[in-house]
Amino acid sequence: MNVYFAEFLGTAILILFGGGVCANVNLKRSNGNGADWIVIAAGWGLAVTMGAYAVGNISGAHLNPAVTLAFAMDGALSWSMVPGYIICQILGGIFGGVLVWLTYLAHWKVTEDKGAKLGVFSTAPAIKNYLANFISEIIGTAILTLALLYIGMNKIADGLNPLIVGGLIIAIGLSLGGPTGYAINPARDLGPRIAHAILPIAGKGKSNWGYAIVPVLGPITGGMMGAVIYRLFYKGAFDAMSVVAIVLLIVTIVLGLVLNKGKDAKGIESIY
């Protein structure tokens, strides 16, 4: 198996389990309907663990464009491989979304809530405010990539690393996931959101593309900033890509302010 197909397969497994736990909790007449946030956080943590076990020894199991960019910034991956990794991750996210749809095929029609159906595939803010939502995703993804990089500095028994990373995802979900549903991964949100848009899901609503910029740009910015922090404080390194990441951070924050004031902005809540 080559590294690109490994990223496709690993991301598909990630979404099958992660989207699957959201479907189990959100969809009517599922045996898991109505379970709480802890179930979702645990499900996503185990989803990452299973994806990492599947392809970790082949591609490194990034399964996340933000992680791929952070590892490239740290020199662990050639920049020439980054586009292929990201494309395959997004395609894997789409395929994983299709598998979740098929698994819960009998439950879409009996679930009237269109938002609950979309929530199986993609994230949404608890309080809509683009600036605040960007910041939440930036912080969540920055700690994700920072932790992945510093975890790699430790001597860990063979086979345990995916479990530790899964625990990290659970920790992020429990502690930082409330504001936006912690996408922390563009492929985790964009891929399944595309699946939601193209699949013949019974009674589905719109795919909320107006918000989709947040779980894509926020994690990319945060992932790169996590690498900047790691390289600066652990290696004493600061290079051109660090400057690019900081510029992107500024652009993302400004964009959040602009989107909050846009004439097409609806449902924005003030944070002051």
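1. A good place to start is the wall of the largest pocket in this predicted model: α2 (37-59), α3 (65-73), α6 (130-151) and α7 (161-176) each contribute at least two residues to its lining. The largest share comes from α2, with six residues.

2. The volume of this largest pocket is about 570 Å³. It is lined by 27 residues, and those closest to the centre are Ala52, Gly60, Ala61, Leu148 and Val165. By class, the lining holds 18 nonpolar residues, eight polar ones and one charged residue.

3. Do look at the second largest pocket too, with about 330 Å³ of space. Among the 20 residues lining it, Cys22, Trp37, Ile40, Gly119 and Gly181 are the closest to its centre. Two or more lining residues come from each of α1 (3-26), α2 and α5 (114-121). Here the lining divides into 11 nonpolar, eight polar and one charged.

4. Now to a helix pair that also appears in the lining of the largest pocket, α3 and α6. How do their axes cross? They come within 10 Å, at roughly 50°, so the two helices are oblique to each other. The crossing of α3 past α6 is right-handed.

5. On the α3 side, this contact uses Ala66, Val67, Ala70 and Phe71; α6 brings Thr141, Leu144, Thr145, Leu148 and Leu149. Seven of the contact residues are nonpolar and two are polar, with no charged residues. Leu148 is worth a second glance, as this residue of α6 takes part in the contact with α3 and is also listed among the residues closest to the centre of the largest pocket.

Definitions and conventions:
Residues are numbered from 1 along each chain as its sequence is written. This is a predicted model: local features need pLDDT of at least 70, side-chain atom pairs count only at pLDDT 80 or more; totals for chains, interfaces and linings use all residues. Side-chain values use heavy atoms; hydrogens and water are left out. On a 1 Å grid over the protein atoms alone, a cavity is a set of points where a 1.4 Å probe fits but cannot get out, and a pocket is an open set with protein on both sides within 12 Å along at least five of seven lines; lining residues have an atom within 4 Å of a point. Grid points are joined across faces, edges and corners, and a volume is the space filled by probe spheres set on the points. Helices (H or I, at least four residues) and strands (E, at least two) are DSSP runs, numbered from the N terminus. Ala, Val, Leu, Ile, Met, Phe, Trp, Tyr, Cys and Pro count as nonpolar, Asp, Glu, Lys and Arg as charged, and the others, Gly among them, as polar. Axes are lines fitted to C-alpha atoms, for helices over the stretch in contact, and angles run from 0 to 180 degrees between N-to-C directions. Angles under 35 degrees count as roughly parallel, over 145 as roughly antiparallel, 65 to 115 as roughly perpendicular and the rest as oblique. A crossing is left-handed if the near helix is turned anticlockwise from the far one by less than a right angle, and right-handed if clockwise. Contact means heavy atoms within 4.5 Å.
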